[in-house]
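Hello,

Here is the structure I promised to pass on to you. Have a look at it first, and then read on for what turned up.

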Amino acid sequence: MTDKQIQANAFRKGLNQADKLPGRICIKLREELRRGLGGLSPQALWYRADGNVIHTEFERCGIERVFRDYGISNPWGLG
């Protein structure tokens with residue numbers, strides 16, 4: 001995978017923004033992402049967050065929806 005592909009598929013930036021949300025909101029966000037991506041383990045979610053998997057268009061829409069529900073408009077990138 002190229003650096004450009006990794007950057008385009010990583011959503012670490014969004015998770016970093018979620019970590020700044022109050023209370024347990026970031027935990028709920030991660031749980032929704034894991035369920036939405038097929039019941040992933042926490043390790044598999046981090047692997048995807050680091051951009052090591054090319055997401056389908058359906059997965060990208062789902063990831064964006066979860067972040068948007070928590071007020072994060074642009075989750076993409078390693079940020």
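**Around helix H4**

H4 is followed by Gly 51, whose phi is positive, near 85°. Before going further, please keep in mind that this is a predicted model.

Let me stay with H4 for a moment, since several other parts come together there. Helix H4 covers residues 42-49, and Leu 45, Arg 48 and Ala 49 are buried in it. Looking down the axis of H4, you will find these buried residues within an arc of 100°, so they line one face of the helix. A rule about helices fits in here: an α-helix has 3.6 residues a turn, so residues three or four places apart point the same way. And what covers the buried residues of H4? The cover includes helix H1 (3-9), helix H2 (12-18), helix H3 (25-36) and H5.

Ala 49 deserves a closer look. This residue of helix H4 has a relative accessibility of 0% and counts as buried. Setting aside neighbours within four places in sequence, Ala 49 is in contact with Ala 10, Phe 11, Arg 12, Leu 15 and Leu 78. Ala 49 and Trp 76 are 27 residues apart in sequence, while their C-alpha atoms are 9.0 Å apart in space.

**How H3 packs**

Helix H3 meets both H4 and H5, so to speak, from two directions. With H4, the axes come within 10 Å and cross at roughly 90°, and the two helices are therefore roughly perpendicular to each other. On the H3 side, Arg 30, Leu 33 and Arg 34 take part, and they meet Pro 42, Leu 45 and Trp 46 in H4. By class, the residues of this contact divide into 4 nonpolar, no polar and 2 charged.

With H5, the angle is about 160° and the axes are 10 Å apart. Angles over 145 degrees count as roughly antiparallel, and H3 and H5 are therefore roughly antiparallel to each other. Their crossing is right-handed. Here Leu 29, Glu 32 and Leu 33 in H3 meet Ile 63, Arg 65, Val 66 and Phe 67 in H5. This contact of H3 with H5 has 5 nonpolar, no polar and 2 charged residues.

**Three more buried residues**

Is Arg 12 buried or exposed? Its relative accessible area is 18%, and Arg 12 is buried, because the cut-off for buried is under 20%. Arg 12 sits in helix H2. Not counting residues up to four places away in sequence, Arg 12 touches Trp 46, Ala 49, Asp 50, Pro 75, Gly 77 and Leu 78.

Gly 77, one of those partners of Arg 12, lies in the segment after H5. Gly 77 is buried, with a relative accessible area of 6%. Leaving out residues up to four places away in sequence, Gly 77 touches Gln 7, Ala 10, Phe 11, Arg 12 and Lys 13. From Gly 77 to Lys 28 the C-alpha distance is 21 Å, and the two are 49 residues apart in sequence.

Finally, Glu 59 belongs to helix H5, which spans residues 57-69. Glu 59 is buried too, with a relative accessible area of 18%. Beyond its neighbours within four places in sequence, Glu 59 is in contact with Leu 37, Arg 48 and Ile 54. Arg 48 is also one of the buried residues of H4.

Enjoy exploring it, and best wishes!

Methods. Residues numbered from 1 in each chain as written. Predicted model: local features only at pLDDT ≥ 70, side-chain atom pairs only at ≥ 80, totals over all residues. Heavy atoms only, no water. Helix = DSSP H or I, 4+ residues; strand = E, 2+ residues; numbered from the N terminus. Buried < 20%, exposed > 50% of the residue type's maximum accessible area, 1.4 Å probe, protein only. Contact = heavy atoms within 4.5 Å. Arc of directions from axis to C-beta. Axes fitted to C-alpha atoms, helices over the stretch in contact; angles between N-to-C directions. Parallel < 35°, antiparallel > 145°, perpendicular 65-115°, else oblique. Left-handed = near helix turned anticlockwise from the far one by under 90°. Nonpolar A, V, L, I, M, F, W, Y, C, P; charged D, E, K, R; others polar.
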